[in-house]
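With the model loaded in a viewer, please follow this route from one selection to the next. Each stop says what to pick and what is found there.

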Amino acid sequence: MSGTEITISSAADALAGVAALRRLADRLEDAAVEQAMRTGWGWPQVAEALGVTRQAVHKKHAKRLIAVGVELRRR
Amino acid sequence: MGTFSSYLRTIIDLGRSEASKDGSATVEAQHLLLALAVGPDAAPRQLLAEAGLDHAAIRAALSREFQHSLAAAGVTVDASDLPAPSYPDEPAPHLGTSARLALERGMDATARKNPRPAHLLAGILLAQVGTVPRALELVGIDRAALAERARRAASS
């Protein structure tokens with residue numbers, strides 16, 4: 001980290017903005033996948049809608065959704 | 001040392017619960033800070049309280065940091081409008097990078113010989129960038145001064 005204070009401060013804001021957006025996106029994804037699965041979507045549809053593989057979406061969300069009592073359709 | 005190990009385990013466990021409330025897959029420095037504010041040792045709690053930081057105040061500062069950083073990326077959200085995903089009441093399993101750095105910074109060579117709870121607080125406060133320093137700055141806390149007080153309290 002070097003340069004003027006203004007540069008440092010705006011770089012810090014820019015980096016923190018990226019970190020906050022990731023947290024926001026994760027939270028929105030958690031809520032959206034939960035909503036979809038609660039309303040009867042299957043993993044393949046959710047994965048396609050998110051643009052990721054079925055394995056990826058399953059790995060990321062299945063354990064949590066089972067733990068909070070969402071009834072999941074078979075893969 | 002035995003006492004400190006059990007304190008550290010308690011703080012990490014409390015941090016895991018804080019992380020799971022956030023839906024975070026990892027325990028980060030801010031979760032350890034929240035844990036210290038309610039942890040079993042009075043020294044870090046008192047240092048934080050003297051700076052006006054109880055658990056609720058730290059949560060409020062973190063929420064402000066989130067909104068402020070989103071705004072820096074051009075996004076305005078009202079946190080109460082966000083959908084609330086369901087998270088199981090299971091502690092987050094892993095320590096994240098910021099928590100690991102806080103532990104490393106807190107447990108420097110002197111601290112390792114006689115580790116005390118205030119060393120952990122100092123370690124968290126020594127970070128110059130990231131969520132914790134930004135949150136504290138936004139609520140007007142002199143982080144470096146508080147880190148120094150924590151370090152002195154740990155070695156007294």
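Begin by selecting the residues through which the two chains touch in this predicted model: the contact draws 19 residues from chain A and 18 residues from chain B. On the chain B side, colour helix 4 (residues 55-72), which contributes the most to the surface that touches chain A, with four residues. If you then colour that side of chain B by class, you will find 13 nonpolar residues, together with three polar and two charged ones. As for confidence in the assembly, the predictor assigns the complex an ipTM of 0.86 and a pTM of 0.89.

Next, show chain B alone as a cartoon, where nine helices and two strands can be picked out, following one another from the N terminus in the order α-β-α-α-α-β-α-α-α-α-α. Its radius of gyration is 15 Å, close to the 15 Å that the globule rule gives for 156 residues, so chain B is as compact as a globular protein of that length. The C-alpha trace of chain B extends over about 45 × 35 × 25 Å along its principal axes, and 42% of the 156 residues of the chain count as buried. Among the contacts in chain B that link residues at least 6 apart in sequence, 68% are between residues at least 24 apart.

Colour chain B by pLDDT before going further: the mean is 93, and 98% of the residues in the chain reach 70 or more. Within chain B, helix 2 has the highest confidence, at a mean of 98, whereas helix 6 (residues 109-113) has the lowest, at 79.

Now turn to the interior and select B:Leu32, B:Leu33, B:Leu36, B:Leu121, B:Ile124 and B:Ala150, which have the most contacts inside the largest nonpolar core, a set of 40 residues. Helix 2 (residues 29-38) of chain B supplies the largest share of this core, namely seven residues. Which residues does B:Leu121 touch once its neighbours within four places in sequence are left aside? Centre the view on B:Leu121 and display B:Leu36, B:Pro44, B:Leu47 and B:Ala150, with which B:Leu121 is in contact.

Move on to helix 5 (residues 97-106) of chain B and show B:Ser98, B:Ala99, B:Ala102 and B:Gly106, which are buried. Looking down the axis of helix 5 of chain B, you will see its buried residues fall within an arc of 100°, so they line one face of the helix. An α-helix has 3.6 residues a turn, so residues three or four places apart point the same way. Rotate to the other side of helix 5 of chain B to find B:Thr97 and B:Glu104, both exposed.

Finally, select chain A, which has three helices and zero strands, its elements running α-α-α from the N terminus. Of the 75 residues of chain A, 15% count as buried. Apart from the largest core lies another one, of five residues, including A:Val33, A:Met37, A:Val57 and A:Leu65.

The last stop is A:Ala56, in helix 3 (residues 54-67) of chain A. Is A:Ala56 buried or exposed? A:Ala56 counts as exposed because 12 C-beta neighbours lie inside 10 Å, and a residue is exposed at 12 or fewer. To end the tour, draw a distance between the C-alpha atoms of A:Ala56 and A:Trp43, which are 13 residues apart along the chain and separated by 9.9 Å.

Terms used: Residues numbered from 1 in each chain as written. Chains lettered and ligands numbered in written order. Predicted model: local features only at pLDDT ≥ 70, side-chain atom pairs only at ≥ 80, totals over all residues. Contact = placed C-beta atoms within 7 Å. Nonpolar A, V, L, I, M, F, W, Y, C, P; charged D, E, K, R; others polar. Core = buried A, V, L, I, M, F, W, Y, C linked by C-beta atoms within 7 Å. Buried ≥ 20, exposed ≤ 12 C-beta atoms within 10 Å, placed from the backbone. pLDDT = per-residue confidence, 0-100. Arc of directions from axis to C-beta. Rg over C-alpha atoms; globule rule 2.2 N^0.38 Å.
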